[in-house]
Amino acid sequence: MSAPQKKTAGRSLLVTSAAALSSLALTAPVALAAPSPTPSASPSATPPSNMSTVGGSRLGRAGTQVNLASGVPVLPKDITARSWIVTDAESGDVLAAHNAHWRLPPASTMKMLFADTVLPKFAKTEKHKVVPSDLAGMGAGSSLVGIKEGETYTVHDLWLGVFLRSGNDAVHVLSAMNKGVAKTVTEMNEHAEELQALDTHVVSPDGYDAPGQVSSAYDLTLFARSGLQKKDFREYCSTVTAKFPGETKKDKKGKIVRKPFEIQNTNRLLSGDSDISQYQGIAGVKNGNTTNAGATFTGVAERNGRVLLVTVMNPSKEEHNEVYKETAKLFDWGFKAAGKVQPVGELVPPKGAAQSSAQPGDAGEAGGSGDSAGSGASAKPVASATADGSRGMETALAITGGLLVLLAGAAFLVNRRWPLPDLVRRRSSRP
């Protein structure tokens, strides 16, 4: 694991006016999507020549796009991913990209879109008893958290299973609660379109390889940016370990018991591993790995008040934890280059952003589990959390705040300096 934890103090999370964001939306590049993906489970060997130009014309070009100039650090030379993107999460500036709109299988990074779509629908405390049909249709070899038929779980339990263990079983149970996989997939595709994630086509809500299921580094970054504006999303994706309900059994004394077991986040920049340390300032988001997708990952990290998002898809170098190592190198470059490098594009706002405006003083959280969308209540900072030893959970409470704007009937935070968890486990950089 990494060096001792470092405290970060005096973080000032500012917000930009709704008028400024409306101006951004009105001046955003026209959303030009590439042709629809062909129904193939295997990606092409080279990027197509007619990729989307959403976010700027340079993002539709094949190869690396960056504005190197005096004082701008050189990009790391050993990045082998088919596609990657480095963005300022708050301004939306794309600092550098490589085949940003290449449509590739996303693996479990698709769960970011699933969570952003479904999280607001159910309260954390809602309970569900699992029936056999809830778990039907999962792909062979799916990642599982260990949900059992006949057992009852809270929605909170299920989201821990989605974010920490990338549990396809948890995704399918939540989809069943949402009136089925087909309905959930339809809603995910609709939400992707609203976010202007036009490279994305959802076939399975868990990201399991399926013909025609594709996304892009650009779109995955849009999903992360949207999801991170929800308090519950931020908390779940930054949780390192948690207790998950086990199976109801008789103990040696014949007593009926249900013992929990510990689960750990499979995001190795968050949890660390034998060959990689926890990344300084990491706060999520989601990893994935399947046969056709290879390794995929979108991460968010903050240093010195600047928040970056990095997405990496399918490194060709076959080393252990390579996707995390390449992500860390791109984060390192981004933190050094931010404020010096001229952007090559931008993360576009949702379609509805240009049609809405905020009322002065409105603030709140977009998301489920009691978040009051559109209430107009003033948000107050929440003190940083400590590890909850009784549940084995390390979770970071979000600092609430921001400007609420209603977009097409849904709540969406548009503050340009939106809050991230104040991680008590933030550690110094590895040597």
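Where in the structure is the place of arginine 58? In this predicted model, arginine 58 is found in the loop that runs between helix 1 (18-27) and strand 1 (64-65). When its neighbours within four places in sequence are set aside, the residues in contact with arginine 58 are Gln65, Val66, Asn67 and Val344. With one of these, asparagine 67, the contact is polar and involves both side chains, at a distance of 2.5 Å. Arginine 58 is also placed 6.9 Å from glycine 345, C-alpha to C-alpha, although 287 residues separate the two in sequence.

Glutamine 65, a contact of arginine 58, leads to strand 3, where its bridge partner is alanine 97. Strand 1 and strand 3 are paired in the antiparallel sense, with two bridges between them. Strand 3 is likewise antiparallel to strand 2 (residues 81-88), and this pairing extends over four bridges, with threonine 87 standing opposite valine 94 of strand 3. The connection between strand 2 and strand 3 is a hairpin in which four residues lie between the strands, and glycine 92 in the turn adopts a positive phi of about 85 degrees. A further antiparallel pairing, over two bridges, joins strand 3 to strand 13 (residues 345-346), in which glutamate 346 is the bridge partner of aspartate 93. Because five of the six residues of strand 3 (residues 93-98) are buried, this strand is largely enclosed by the rest of the structure.

Charged side chains were examined next. In general, side chains of opposite charge can pair when their charged atoms come close. In the present model the count comes to 15 salt bridges, with a side-chain nitrogen of Lys or Arg within 4 Å of a carboxyl oxygen of Asp or Glu taken as the criterion. One of them is formed by glutamate 187 and lysine 121, whose closest N and O atoms are 2.4 Å apart. This pair links distant parts of the chain, since glutamate 187 belongs to helix 5 (residues 181-194) whereas lysine 121 is in the loop between helix 2 (111-118) and strand 4 (127-129), 66 residues away in sequence. Glutamate 187 has a relative accessible area of 16% and is therefore buried, the cut-off being under 20%, while lysine 121, at 36% relative accessibility, counts as partly exposed.

A second salt bridge brings together the side chains of lysine 124 and aspartate 232, with an N to O distance of 3.6 Å. Lysine 124 lies in the loop between helix 2 and strand 4 and aspartate 232 in helix 7 (residues 231-237), so that this pair ties together parts of the chain that are 108 residues apart in sequence. The relative accessible area of lysine 124 is 24%, which places this residue among those that are partly exposed, whereas aspartate 232, at 3% relative accessibility, counts as buried.

Glutamate 319 and lysine 325 form another salt bridge, in which the closest N and O atoms are 3.8 Å apart. Glutamate 319 is partly exposed, with a relative accessible area of 41%. Both residues take part in a network of salt bridges that links Asp275, Lys317, Glu319 and Lys325.

Technical notes: Residues are numbered from 1 along each chain as its sequence is written. This is a predicted model: local features need pLDDT of at least 70, side-chain atom pairs count only at pLDDT 80 or more; totals for chains, interfaces and linings use all residues. Side-chain values use heavy atoms; hydrogens and water are left out. Contact means heavy atoms within 4.5 Å. A polar contact is a pair of N or O atoms within 3.5 Å; within protein, one must be able to donate a hydrogen and the other to accept it, and residues adjacent in sequence count only if both atoms are side-chain atoms. Buried means under 20% relative accessible area, exposed over 50%, partly exposed in between (1.4 Å probe, protein chains only). Two strands pair if DSSP finds at least two bridges between them.
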